[in-house]
Amino acid sequence: MNLPNKITISRIILIPIFMVFMLVDFEFGTIALLGTTIEVAHFIGGLIFIVASLTDWLDGYIARKHNLVTNMGKFLDPLADKLLVAAALIILVELGSAPSWIVIVIISREFAVTGLRLILAGGGEVVAANQLGKIKTTAQIIAIASLLLNNIFFSSIGFPFGMIMLYIALIFTVWSGVDYFYKNRRVLLDSM
């Protein structure tokens, strides 16, 4: 297994650790930062989410720079992204920080695209994420990180940055999903 794939797997391993800090009722207290108060455990969980998200950029960068792109990496990288984002979004719903309908739309799109990827893979075709998908993922990560950290950089001025980013992420999620199905419509049409 090459380095980028190891980094991708480390992202998957960080997901349950992130979940423990966000969901277990630790008595670590709270901290006040930049106009907001946040539980220490949630702050740690938010940082773990950010670190895990940064590995998404790192594994892709190393794979492209050193010509280490593999089919396993093309499969694992988006899967790790989806697992991390889905876990974080569900946690945000449980914490009352994100509307459930947005999370349902985002996760439904991820399931649908993953299903299409499996159909394509069955035909021997592994499709990497396109530019719209990368913008979608970036918007989702920024939105989730901001919401996990109580809108830390904007709460003092009352600007709902995290929620605005979540709506932007929703738009790119739907747009990239429609684009993905449109570009691969021949696979669906051929199977009817």
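Me: Helices here are DSSP runs of H or I with at least four residues, numbered from the N terminus. Going by that, which helix is Trp101 found in?

Reply: Trp101 is in helix H4. Keep in mind that this is a predicted model.

Me: Why is Trp101 called partly exposed?

Reply: Partly exposed covers the range between buried, under 20%, and exposed, over 50%. Trp101 has a relative accessible area of 45%, so it counts as partly exposed.

Me: What makes Asn151 count as buried?

Reply: The cut-off for buried is under 20% relative accessible area. Asn151 comes in at 12%, so buried is the right word. It sits in the loop between H5 and H6, and leaving aside residues up to four places away in sequence, Asn151 touches Ser146, Phe159, Pro160, Phe161 and Gly162.

Me: How do you know that the Phe26 and Phe28 rings are stacked?

Reply: Ring pairs are described by the distance of the centres and the angle of the planes. Rings pair if their centres lie within 6.5 Å, and planes under 30 degrees apart count as stacked. For Phe26 and Phe28 the centres are 4.8 Å apart and the planes at 5°, so the pair is stacked. Ring pairs also link Phe21 with these two into a cluster.

Me: And why is the pair of Trp101 and Tyr167 called tilted?

Reply: Centres 6.3 Å apart fall within the 6.5 Å limit, so the two rings pair. Their planes are at 55°, which is neither under 30 degrees nor over 60, so tilted is what remains. This pair links distant parts of the chain, with Trp101 in helix H4 and Tyr167 in helix H6, 66 residues apart.

Me: What makes Tyr167 accessible enough for a surface patch?

Reply: A patch residue needs over 30% relative accessible area. Tyr167 has 37%, so it clears that bar. Trp101, Val105, Tyr167, Val174 and Val178 form the nonpolar patch, with about 440 Å² of accessible area together. Which helix gives the most? That's H6, with three residues.

Me: Now the inside. Which residues touch the most other members of the largest nonpolar core?

Reply: Out of 30 residues, they are Phe18, Phe49, Leu89, Leu92, Ile144, Leu148 and Leu166. The largest share of this core, eight residues, comes from H3. As for Leu166, its contacts beyond four places in sequence include Leu89, Ile102 and Leu147.

Note on methods
Residues numbered from 1 in each chain as written. Predicted model: local features only at pLDDT ≥ 70, side-chain atom pairs only at ≥ 80, totals over all residues. Heavy atoms only, no water. Patch = residues over 30% accessible without salt bridge, like charges linked within 9 Å, V, L, I, M, F, W, Y side chains within 5 Å. Areas by Shrake-Rupley, 256 points an atom, 1.4 Å probe, with all protein chains shown as cover. Salt bridge = Lys/Arg side-chain N within 4 Å of Asp/Glu carboxyl O. Helix = DSSP H or I, 4+ residues; strand = E, 2+ residues; numbered from the N terminus. Buried < 20%, exposed > 50% of the residue type's maximum accessible area, 1.4 Å probe, protein only. Core = buried A, V, L, I, M, F, W, Y, C linked by side-chain atoms within 4.5 Å. Contact = heavy atoms within 4.5 Å. Phe/Tyr/Trp six-rings, centres within 6.5 Å; stacked < 30°, edge-to-face > 60°.
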